[in-house]
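User: I am new to this structure and would like a close look at a single part. Please take the salt bridges and describe the residues that form them.

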Amino acid sequence: MTILSTSSDDDLSLANSDLVQFIRNPDIPEKKYLQFKNKWFLASDAGCSCHFRHLSGGSIELGFGEPEAWFHEENNAIEASRQIAARIRALIQQGASVDCVDAWAHGQGEAATLIDDIQVNLSEVSDTAFRFFEDYRFSFIQKP
């Protein structure tokens, strides 16, 4: 499950595609981890957030990275994650604040407590290198 919040009043559903759906005001307890008034659930082409690029809790030291030939990732997951990063980048460039949470919440109640916050400088992460880190909250910035 991936959710984001933003200070922007933009209708993110206008950016919906075959691979990514922005769904306003998700009715899930994890939204309490988000800081900003406008909250969105990110659904992939499967209807959940599973088909995005993710790193599980034990592998976040790998950080952000371009897709690698030796590690199979679905093209749709790569493209969907790229579209999300581009939309977040556009919000930041407009002066909005954005954060997001990526957590495993497969119908077993609320996700585990988040481990940590990570500040993500989009000036250092390309759209194709972007991926979510499970059980972390990202706060986005863009500084040269």
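Analyst:
**Salt bridges between distant parts of the chain**

Asp127 is buried, with a relative accessible area of 18%. This is a predicted model, and the value is computed from it. The salt-bridge partner of Asp127 is Arg89, with 2.9 Å between the closest N and O atoms. The two residues lie 38 residues apart and link distant parts of the chain: Asp127 sits in the loop between β6 (116–121) and β7 (132–133), and Arg89 in helix α1. Arg89 is buried too, at 15% relative accessibility. Both ends of this pair therefore count as buried, being under the 20% cut-off.

Helix α1 (residues 75–93) also holds Arg87, whose partner Asp10 is in the loop between β1 and β2 (20–24), 77 residues away. Their side chains meet in a salt bridge at 3.5 Å, N to O. Here Arg87 is buried, with 16% relative accessibility, whereas Asp10 is partly exposed at 30%.

The loop between β1 and β2 contributes Asp11 as well, which is linked to Arg24 in strand β2, 13 residues apart. The N to O distance in this salt bridge is 3.8 Å. Asp11 is partly exposed at 31% relative accessibility, and Arg24 is partly exposed at 38%.

These pairs are among the seven salt bridges counted in the model.

Definitions and conventions:
Residues numbered from 1 in each chain as written. Predicted model: local features only at pLDDT ≥ 70, side-chain atom pairs only at ≥ 80, totals over all residues. Heavy atoms only, no water. Salt bridge = Lys/Arg side-chain N within 4 Å of Asp/Glu carboxyl O. Helix = DSSP H or I, 4+ residues; strand = E, 2+ residues; numbered from the N terminus. Buried < 20%, exposed > 50% of the residue type's maximum accessible area, 1.4 Å probe, protein only.
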